[in-house]
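Please open the structure in your viewer and keep the sequence at hand. The tour proceeds by selections, each followed by a short account of what is found there.

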Amino acid sequence: LVAACDTAQTPPQSAGTGEAVTLQLISEQRSSSCKVNLRATYPRDVAPHDRDFAIEGRSSSLSRSEGPLSLPRPPEDPRPVENADGSVSFDFYNWDIGGTCSDLVYELEIGACQSGACPPMVFQPDRRPGTPRVTLL
């Protein structure tokens, strides 16, 4: 469903799940490293909110991030892209980790709503061979 892509060249594909916010781990194998980033997709008219989440690469302490995800993104943020289905996607937390994508393992925790009217947040796994594994906590 999700193609590994260089987002500078290819707009993101929608992973819209109705009213939910969807997180995806996007990976691209390079010659000696794996480019990894998170993608959030949300309804265009999502109510402003902040939800805690954390992601950590078990093989690399460089790929650890946590904190609230604030949606929708502010108008001055250049990353959001509108999808054909009306949802909005943006990529964040870009890492370039040595080795192969299939060797990477991440742990993802979707936390509590911190403010606003948080819609459900779901993780959509990439089931293609050779991609990092993600464990939900």
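Is R73 buried, exposed or partly exposed? R73 is partly exposed, with a relative accessible area of 22%. Please note that this is a predicted model, and that every stop on the tour should be read in that light.

**First selection: R73, D77 and R79**

Keep R73 selected and add D77. The side chains of these two residues meet in a salt bridge, with 2.9 Å from N to O. Now add R79, which forms a salt bridge with D77 as well; here the closest N and O atoms are 2.7 Å apart. R73, D77 and R79 are thus linked in a network of salt bridges. Show the surface and consider the residues in turn. D77 is buried, with a relative accessible area of 12%, because that value is under the 20% limit for a buried residue. R79, in contrast, is partly exposed, at 36%.

**Second selection: R58 and E107**

The model has 7 salt bridges in total. Another of them joins R58 to E107, and the closest N and O atoms of this pair are 3.9 Å apart. Where do R58 and E107 lie in the chain? R58 is in the loop between strand 3 (49–57) and strand 4 (60–71), while E107 belongs to strand 7 (residues 105–116). The pair links distant parts of the chain, 49 residues apart. R58 is exposed, with a relative accessible area of 57%, whereas E107 is partly exposed, with 24%.

**Third selection: the open sheet**

Switch to a ribbon view and select the strands of the open sheet. This sheet has 5 strands in the order 5-6-2-1-8, and their pairing is mixed. Strand 5 (81–82) and strand 8 (121–123) stand at the edges. Each has a single partner strand, so one side of each is left without a neighbour in the sheet. In general, strands of a sheet pair through backbone hydrogen bonds, either parallel or antiparallel.

Next, select strand 1 (residues 21–29) together with strand 8. These two strands run parallel and are joined by 3 bridges. To find one bridge partner, select V21 and look across to M121 in strand 8.

**Last selection: confidence along the chain**

Finally, colour the chain by pLDDT. The mean for the chain is 84, and 84% of the residues reach 70 or more. Then select residues 1–17, where the pLDDT is below 50. Beyond near neighbours in sequence, this stretch has 43 contacts in the model.

Key. Residues are numbered from 1 along each chain as its sequence is written. This is a predicted model: local features need pLDDT of at least 70, side-chain atom pairs count only at pLDDT 80 or more; totals for chains, interfaces and linings use all residues. Side-chain values use heavy atoms; hydrogens and water are left out. pLDDT is the predictor's confidence in each residue, from 0 to 100. Contact means heavy atoms within 4.5 Å. Two strands pair if DSSP finds at least two bridges between them. Helices (H or I, at least four residues) and strands (E, at least two) are DSSP runs, numbered from the N terminus. A salt bridge is a side-chain nitrogen of Lys or Arg within 4 Å of a carboxyl oxygen of Asp or Glu. Buried means under 20% relative accessible area, exposed over 50%, partly exposed in between (1.4 Å probe, protein chains only).
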